[in-house]
Amino acid sequence: MRWDKNILSPRWGNEDNHTPERTMIRAFQKTDLRRVASVALLFLLATADAFRTTHLPAPRASPTTAKTTTKTKTKTKTTTTTTTTTAMRSSTGTGGAGDEPPVTHVVVAGAGVIGVSTAYYLAKNFGVATTLVDPTGTIAPAASGKAGGFLALDWNDNSPALGPLARRSFALHEELADDLGADTISYRRLECVSVPVGENGGRRPAGRKLEGIEWAEGANAMGDASVLGGTRTIAQVHPKKLCDAMWERVLELAPESKLVRGRVVAPEDKDGDAGADAAVAARLEDGSLLEGDALLYSCGPWTATNMYGTKYHSLVVPTTRVLHQCVFFSGLGDPEVYVRGDSTAYCTGFPDPPVRVAEHPGEEEVRPEAIDRIRESVRAASSFADGASTSYLVLGDDGDDGRQAPLEQACYLPGTADGIPMMGRVPGKERTYVCAGHTCWGILLGPASGEAMAHEIAAAGGRGSSQPFVDLGMFSPGRFGRPLELVPAFGPER
Ligand SMILES: Cc1cc2nc3c(=O)[nH]c(=O)nc-3n(C[C@H](O)[C@H](O)[C@H](O)COP(=O)(O)OP(=O)(O)OC[C@H]3O[C@@H](n4cnc5c(N)ncnc54)[C@H](O)[C@@H]3O)c2cc1C
């Protein structure tokens, strides 16, 4: 069946495609009972959460650009930063208090694309330093370092919540390429097509060239490709390189920033153990405290008990030359192939059922049979009649053909019960924020989410101003109607 990017995309459609309800319907269609049972559980949780605000229309923000000069006093040093920023309005009613102590140092839990993007915009737009804390002590050890890096301008346009965020973020990725270097982060524009395939794809008349396909014209291609987007609306970035480069820039712009190894287990405020000089503090597993003027939880699927993760495996293989067309195969398991500018191709598909994540970040088990399934599916979808191999993707599993060995990995896509990220202040907690649940679009949405969170956090200390690029109201963490249980312990006891 031919699918439309806004209607039937298994991974890349609007938020409706990622609700437990939709996933359950798809599971029924595939008659996968194990998947149905686990998703039904999530559906019940989601229903109990009584989400109300998803489908309110999103105001399209009309940004007003203002030149602001901010004086930033950090613990050892005063820096003056002049930035051209778009004024922001605090959408959750937390900001703008004139007599609030200023925000100069923020503790961010989670070194994925969301945490690093927030640190980047805190430093760039406000000169605010970040203590970034992650259990691995590294940047982007989980999904943010293992994702495809596919970016689309308009594939979320039918979502009032995500459409404006995606458009803003697509523009910010272009700015990031200018700031950090397109080569450094492997940013480029490219094309994307859908190619229908089937076991007996040879229905196509022999010798007939398929229109619009650069490399995926295998024997099993059943008809002409649908072009899903061209260089005006499709781009790509290497997610790990992006996160690394953003963090390097943070260290230049706000040198008080640092990366700490540790797992945040609880927030502390003035009524707790935060200490007289700190607005908040993060308590780590070893009992130590990291103090700051604000605390952000951006721990992906590990952020709160109302979140789940969908495990995906992926395989990065060499290509025989640089290719310029990402391919969503339709049929034969719907594998997805994102070709990259470094003569590699990122292949993924076949998600596990969504779960509450028990595995430790950065230590996600790679199951060989899951990798083989992706490899065989891509091989079947794109091979020529002899079935041996594609002409462009080096899919062999021995890695001994003289080229780079395939990279095999697994990670979790983070989701909330309604498929919309949570972004804003934690209800009932001052200076404590959450930003997580960006599903299959976290790399795309990271910069605009980080920008919005940076402005929200700065506004709480009387910085920033009143008009956002993106209204965070529809992302309110309070919409689930019950207190958030943050950073639960790793492991099956969750
Ligand atoms: C296979 C796959 C392909 C994808 N491809 C794309 C794509 O092409 N384009 C796109 O836009 N998106 C893509 N995504 C989605 C994207 O990768 C995610 O949405 C995004 O990486 C989520 O970022 P994050 O920072 O929220 O979470 P993560 O990257 O999961 O980071 C969370 C961090 O929090 C840390 N942490 C956990 N618990 C704690 C704690 N208690 N204290 C401190 N730190 C903690 C973890 O160690 C981790 O580093 C893909 C996802 C998958 C799974």
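Which backbone nitrogen does the side chain of Ser 144 reach? Keep that question in mind as you open the viewer; the tour comes to it after a look at the whole chain and the ligand. One thing to know before you start is that this is a predicted model.

**Stop 1: the whole chain**

Show the protein as a cartoon and colour it by secondary structure. You will find nine helices and 21 strands in the protein chain. Of its 494 residues, 58% are buried. Switch on a surface if you like: the chain exposes about 19400 Å², and carbon and sulfur atoms supply 52% of that area. Contacts tell you something about the fold as well. Among those between residues at least 6 apart in sequence, 74% join residues at least 24 apart.

**Stop 2: the ligand**

Now select the ligand and display the residues around it. There are 42 of them, and those that come nearest are Asp 134, Ser 144, Phe 150, Thr 439 and Leu 444. Next, look for backbone atoms beside the oxygen atoms of the ligand. At Leu 444, a backbone N or O atom lies 2.7 Å from a ligand oxygen. Move to Ile 443, where a polar backbone atom is 3.0 Å from an oxygen atom of the ligand. Then pick Ile 114, which has a backbone N or O atom 3.2 Å from a ligand oxygen.

How much of the ligand's own accessible area does the protein cover? The ligand has 1000 Å² on its own, and the protein covers 100% of it.

Colour the elements that give two or more residues to this shell: helix H3 (113-126), strand S4 (129-134), helix H4 (143-146), S19 and helix H9 (442-460). S19 gives the most, with four residues.

**Stop 3: Ser 144**

Stay at the ligand and select Ser 144, which lies in helix H4. Is this residue buried or exposed? Ser 144 counts as buried because its relative accessibility is 12%, and the limit for buried is under 20%.

Here is the reply to the opening question: the side chain of Ser 144 reaches the backbone nitrogen of Val 113, at 2.8 Å. Leaving aside residues up to four places away in sequence, Ser 144 touches Gly 112, Val 113, Pro 239, Lys 240, Cys 243 and Ile 443. Try a distance label on one of these partners: the C-alpha atoms of Ser 144 and Cys 243 are separated by 7.7 Å, though the two residues are 99 apart along the chain.

**Stop 4: the seven-stranded sheet**

Follow S19 from the ligand to its sheet. Seven strands form this open sheet with mixed pairing, in the order S8-S7-S16-S17-S18-S15-S19. At the edges are strand S8 (226-229) and strand S19 (407-416), each pairing on one side only. On average, neighbouring strands are turned by 25° against each other, direction ignored.

Zoom in on strand S7 (residues 191-196) and strand S16 (residues 325-330), which pair in the parallel sense over six bridges. Within this pair, Val 195 stands opposite Phe 329 in S16.

Now add helix H8 (residues 368-382), which packs on the sheet. Helix H8 touches strand S15 (307-318), S16, strand S17 (336-340), strand S18 (344-349) and S19, and its direction makes about 55° with that of S15.

**Stop 5: two residues with positive phi**

Most residues other than glycine have a negative phi. Two exceptions are worth selecting. Asp 334 is not a glycine, yet has a positive phi of about 55°. You will find Asp 334 in the loop between S16 and S17, and it is partly exposed, with a relative accessible area of 26%.

Then go to Arg 431, another residue other than glycine, with a positive phi near 55°. Its place is the loop between strand S20 (422-425) and strand S21 (432-436). Arg 431 counts as buried, at 6% relative accessibility.

**Stop 6: the three-stranded sheet**

For the last stop, select S11, S12 and S13. In the order S11-S12-S13, these three strands form an open antiparallel sheet. Strand S11 (264-269) and strand S13 (289-292) each have a single partner strand, so one side of each is left without a neighbour in the sheet. The twist from one strand to the next averages 25°.

Finish with strand S12 (residues 280-284), which runs antiparallel to S13 and is joined to it by four bridges. Here Arg 283 stands opposite Leu 289 in S13.

How values were computed
Residues are numbered from 1 along each chain as its sequence is written. This is a predicted model: local features need pLDDT of at least 70, side-chain atom pairs count only at pLDDT 80 or more; totals for chains, interfaces and linings use all residues. Side-chain values use heavy atoms; hydrogens and water are left out. Buried means under 20% relative accessible area, exposed over 50%, partly exposed in between (1.4 Å probe, protein chains only). Contact means heavy atoms within 4.5 Å. Accessible areas come from the Shrake-Rupley method with a 1.4 Å probe; for residues, only the protein chains shown count as cover. Two strands pair if DSSP finds at least two bridges between them. Axes are lines fitted to C-alpha atoms, for helices over the stretch in contact, and angles run from 0 to 180 degrees between N-to-C directions. A residue is near a molecule or strand if one of its heavy atoms lies within 4 Å of it. A polar contact is a pair of N or O atoms within 3.5 Å; within protein, one must be able to donate a hydrogen and the other to accept it, and residues adjacent in sequence count only if both atoms are side-chain atoms.
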